[in-house]
Amino acid sequence: MTEAITYTGEKRIHFGSIISTYRCNAKCNMCNIWRNPTKPATEAGVDVYEKLPQMDFVNLTGGEPFLRSDLEDIVSVLKTKARRMVISSNGWFVNRTIRLFEKHGNSIGIRISIEGLSHTNDSIRGMQKGFDNAIRILTTLNSMGIKDIGFGLTVQDINAGDVKELYQLAKMMDVEFATAALHNSFYFHKMDNRIDDVQDSLTALKALAEDQLKSRRPKDWFRAYFNYGLMNYLQGGERLLPCRMAHDAFFLEPNGDVLPCNGMDKPMPLGNLHEQTWDEIWYSESAERVREAVRNCPKQCWMMGSVAQEMKKHIKNPLKWVVAHKWLGQEITVPPKVERHPHSLFGVDGLTAKESMQLVSIRGARNPIQEQVVE
């Protein structure tokens, strides 16, 4: 007699990340998505997005979502699927972004990647005037009264020195400020990202967390905890909170594959929305095999998508940390460093920061997609 399967996927989805395209007009030093673009004809359309379940929060990302000619239709559908929707963008397409928010207003939000002050940002992203365009979008949306806006960066050797100034800029502009760190995975098409001067990044994140703890906003206190988790991740430590991707959260590929996350070495599809319904995918033997892999995953990623809902579920952990460091005056200490980083950020085979920037220079400022105009 076959033993009945116990399905561990939760009915309520807390987070969904929709990878709308792998086309991108940026040429970032830490990401090779731009080298592996999808073809528009192969990218899932609204008929696929209409099959998605109800979610607490949905993130529309890429590649660069504003390269989708049907973006307005996608946004209209996804708004009905989640309580909150935020688009992740590199901030290049000024006019397209403004037009979208003129139509949808405060029913959507946006986070723009700004990887440093002007020169550093444009060098890392391989986009001349990328910083200027991003700031222009943020200031315009702010003047329009759009509330859910902000920017963030992926901390690495090259931009660690700009973290403090960017955070101060976010506070002056009264917008959200997000952080991430280098990861190696199939999603980024990179396995050779590395950090040589990890102390610079640790120092920047520690100073940021200390500043956030001085804020009057409780959200900033828990952001400080998240940044402490980034310090722990950079040192190669075990996650501070469990990972429940594929249990109450997922990623959707442009081809319709439902994935647990974007941090694994290889994609592990639960199923495909072109061919199946959501329930057929979510409550399947394939999905349970993927969840088992997630529960035993050695990668120890620390990204907001997989951390935010766990902070709410395990509120005692971050709350205890906040109380100790904000109210009891305990100093933030740098977590111990492991010998071998789970994402190989200490690997000798990776490119140094200097070498990766040389490659960005070789790629050149010209990019056919980028040069289509700032629309």
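A salt bridge here is a side-chain nitrogen of Lys or Arg within 4 Å of a carboxyl oxygen of Asp or Glu. With that in place, take Arg68 and Glu43: they form a salt bridge, and their closest N and O atoms are 3.6 Å apart. Arg68 sits in the loop between β2 (55-61) and α2 (71-79), while Glu43 sits in the loop between β1 and α1 (46-49), so this pair ties together parts that are 25 residues apart in sequence. Please keep in mind that the model is a predicted one.

Are the two partners buried or exposed? Arg68 has a relative accessible area of 6%, so Arg68 is buried. Glu43 comes out at 7% relative accessibility and counts as buried too. The cut-off behind that word is under 20% relative accessible area.

Now the other salt bridges. The structure holds 23 of them, and I will go through two more.

One is between the side chains of Lys103 and Glu72, at 2.9 Å from N to O. Lys103 belongs to helix α3 (residues 94-104) and Glu72 to helix α2, and the pair links distant parts of the chain, 31 residues apart. Lys103 is exposed, at 52% relative accessibility, whereas Glu72, at 32%, is partly exposed.

There is also a network. Glu10, Arg244, Asp248, Glu310 and Lys313 are joined into one by salt bridges that share partners.

From that network I pick the pair Lys313 and Glu10, whose side chains meet in a salt bridge of 3.4 Å, N to O. Lys313 is in helix α11 (residues 304-313) and Glu10 is in the segment before β1 (13-19), so the pair ties together parts that are 303 residues apart in sequence. Lys313 is partly exposed, at 36% relative accessibility. Glu10 is partly exposed as well, at 25%.

Next, two helices.

Start with α6, residues 163-173. Which of its residues are buried? They are Val163, Leu166, Tyr167, Ala170 and Met173. Viewed down the axis of α6, the buried residues fall within an arc of 130°, so they line one face of the helix. Lys164 and Met172, on the other side of α6, are exposed.

What do the buried residues of α6 pack against? Three helices and two strands are named here: α5 (130-143), α7 (198-213) and α8 (218-234), along with β5 (149-155) and β6 (176-181). Just after the helix comes Asp174, which has a positive phi, near 60°.

The other helix is α10, residues 285-295. Its buried residues are Ala287, Glu288, Val290, Arg291 and Val294. Down the axis of α10 they fall within an arc of 160°, so here again the buried residues line one face of the helix. The cover over them includes α9.

Ser284 is in the loop between α9 (278-282) and α10. With a relative accessible area of 11%, Ser284 is buried. A polar atom of the Ser284 side chain lies 3.1 Å from the backbone nitrogen of Ala287, and Ala287 is one of the buried residues of α10. Leaving aside residues up to four places away in sequence, Ser284 touches Tyr7 and Leu270.

Past α10, in the loop between α10 and α11, is Lys299. Is this lysine buried or exposed? Lys299 counts as buried, since its relative accessibility is 9%. What does its side chain make a polar contact with? The partner is the side chain of Asp265, at 2.6 Å. Not counting residues up to four places away in sequence, Lys299 touches Asn184, Gly263, Asp265, Pro342 and His343.

Last, the surface. Ile315, Leu319, Val323, Trp327 and Leu328 make a nonpolar patch of about 500 Å². Val323, one of these five, lies in helix α12, residues 316-327. Its relative accessible area is 33%, so Val323 is partly exposed. That value fits the rule for patches, which takes residues with over 30% relative accessible area and no salt bridge.

To close, I return to the opening pair. Arg68 and Glu43 are joined by a salt bridge, and Arg68 is buried at 6%, with Glu43 buried at 7%. In the Lys103 and Glu72 pair, by contrast, Lys103 is exposed and Glu72 partly exposed.

Conventions. Residues numbered from 1 in each chain as written. Predicted model: local features only at pLDDT ≥ 70, side-chain atom pairs only at ≥ 80, totals over all residues. Heavy atoms only, no water. Patch = residues over 30% accessible without salt bridge, like charges linked within 9 Å, V, L, I, M, F, W, Y side chains within 5 Å. Areas by Shrake-Rupley, 256 points an atom, 1.4 Å probe, with all protein chains shown as cover. Helix = DSSP H or I, 4+ residues; strand = E, 2+ residues; numbered from the N terminus. Buried < 20%, exposed > 50% of the residue type's maximum accessible area, 1.4 Å probe, protein only. Arc of directions from axis to C-beta. Contact = heavy atoms within 4.5 Å. Polar contact = N/O pair within 3.5 Å; in protein donor to acceptor, adjacent residues only side chain to side chain.
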